Amino acid sequence: MTSATELQQGPVAASAQHVSKKYGSGETEVLALRDVSIDFSAGQFTAIMGPSGSGKSTLMHCLAGLDDVSSGMVRIGDVTLEGLSDKAVTRMRRDRIGFVFQAFNLVPTLTAKENITLPLDIAGRDLDQEWFDTVVGRLGLSDRLTHRPSELSGGQQQRVACARALVGRPDIIFGDEPTGNLDSRSSGEVLSILRAAVDDLGQTVVIVTHDPRAASYADRVVFLADGQLVHELLKPSADDVFAVMRGLGEGEGN
Ligand SMILES: Nc1ncnc2c1ncn2[C@@H]1O[C@H](COP(=O)(O)OP(=O)(O)O)[C@@H](O)[C@H]1O
Ligand SMILES: [Mg+2]
């Protein structure tokens, strides 16, 4: 483990300030986030952990401009999302953010290669062929590029979704359990390429994970419980992470 002062603090890539998020109203009201304030430094790899229903996905969706906050403020770089038009938020997501969701969101009629380059094609940006080759090679997809999603295993589809988020070199990559459906080898490939995106390209990565081993790839691990930030570890080992999870009543592998 590392103390706070030993971790380099770059400029802030994404920030939530006093963010609360309410779903529903009256009897069905759920307070998914309660006054959450957190900064994500540029060039850092952060893992968000916490029990099921603790607000991890909600926080990630709010940070990425996929969901509105009920109160508080979200910033990506120096841009405050509140007050931007839907169109401007969409453009910001397209240009600066990459996502890997639990459901891979691949287009069934496109090949793996076309799915991977789709965000660049939509943005009218050029493909960096060398980086594309590096990403698909590291993720073991080089001989699967002409296949459609239905012709790929779940793990391969997940890796295509990762490649799609990485290939445009967005400032910040959000992943909601990006290794959730992968065997340990594929999981290791995805995590090490996310780590390389941070170390070699200075990108910022934020993932939600349940896996202490996945979290041990991160520079910083933050824990949510009941919509609030309750704990934080810097450069932890998998054992450090597991100890905190057990303390939060999450030792049963959820
Ligand atoms: N669209 C929604 N409508 C109503 N409640 C929701 C919605 N999304 C999430 N919630 C609720 O908000 C809380 C936090 O959910 P979520 O962020 O998905 O948790 P996690 O990702 O940590 O499992 C849960 O109680 C969940 O049921
Ligand atoms: Mg979730």
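Begin by selecting ligand 1 in this predicted model, and then display its surroundings, which consist of Tyr23, Val30, Ala32, Pro51, Ser52, Gly53, Ser54, Gly55, Lys56, Ser57 and Thr58. If you colour this shell by residue character, you will find four nonpolar residues, six polar ones and one charged. Colouring by secondary structure instead brings out strand S2 (30–41) and helix H1 (56–63), each of which supplies at least two residues of the shell. Helix H1 gives the largest share, three residues.

Next, keep ligand 1 on screen and show the atoms of Lys56, Ser57 and Thr58, because each of these residues places an N or O atom within the 3.5 Å cut-off for a polar contact with a ligand oxygen. In the side chain of Lys56, an N or O atom is 2.8 Å from an oxygen atom of ligand 1. At Ser57 the partner is a polar backbone atom, and the distance to a ligand oxygen is 2.9 Å. For Thr58 look again at the side chain, where an N or O atom is 2.5 Å from an oxygen atom of ligand 1. A surface view is useful here: ligand 1 taken alone exposes 560 Å², and the protein buries 57% of that.

Now move to helix H5, selecting residues 154–167, a run of 14 residues that reaches 20 Å from its first C-alpha to its last, which is close to the 20 Å expected at 1.5 Å a residue. With the rest of the protein shown as a surface, H5 proves to be mostly covered, since 13 of its 14 residues are buried. Just beyond the helix, select Arg169, which follows H5 and has a positive phi, near 50 degrees.

The cysteines make a short further stop. Which class of exposure does Cys62 fall into? Cys62 counts as buried because its relative accessibility is 2%, under the 20% cut-off. Cys162, at 3% relative accessibility, is likewise counted as buried. A disulfide is a covalent bond between the sulfur atoms of two cysteines, and a search of the model for sulfur pairs within 2.5 Å gives a count of zero disulfides.

Finish at Asp95, which has its place in helix H2 (residues 86–96). Its relative accessibility is 33%, so Asp95 counts as partly exposed. From there, add Arg125 to the selection and draw a line between the two C-alpha atoms: Asp95 and Arg125 are 30 residues apart in sequence and 9.7 Å apart in space.

Notes
Residues are numbered from 1 along each chain as its sequence is written. Chains are lettered from A and ligands numbered from 1 in the order in which they are written. This is a predicted model: local features need pLDDT of at least 70, side-chain atom pairs count only at pLDDT 80 or more; totals for chains, interfaces and linings use all residues. Side-chain values use heavy atoms; hydrogens and water are left out. A residue is near a molecule or strand if one of its heavy atoms lies within 4 Å of it. A polar contact is a pair of N or O atoms within 3.5 Å; within protein, one must be able to donate a hydrogen and the other to accept it, and residues adjacent in sequence count only if both atoms are side-chain atoms. Accessible areas come from the Shrake-Rupley method with a 1.4 Å probe; for residues, only the protein chains shown count as cover. Helices (H or I, at least four residues) and strands (E, at least two) are DSSP runs, numbered from the N terminus. Ala, Val, Leu, Ile, Met, Phe, Trp, Tyr, Cys and Pro count as nonpolar, Asp, Glu, Lys and Arg as charged, and the others, Gly among them, as polar. The expected span of a helix is 1.5 Å times one less than its number of residues. Buried means under 20% relative accessible area, exposed over 50%, partly exposed in between (1.4 Å probe, protein chains only).
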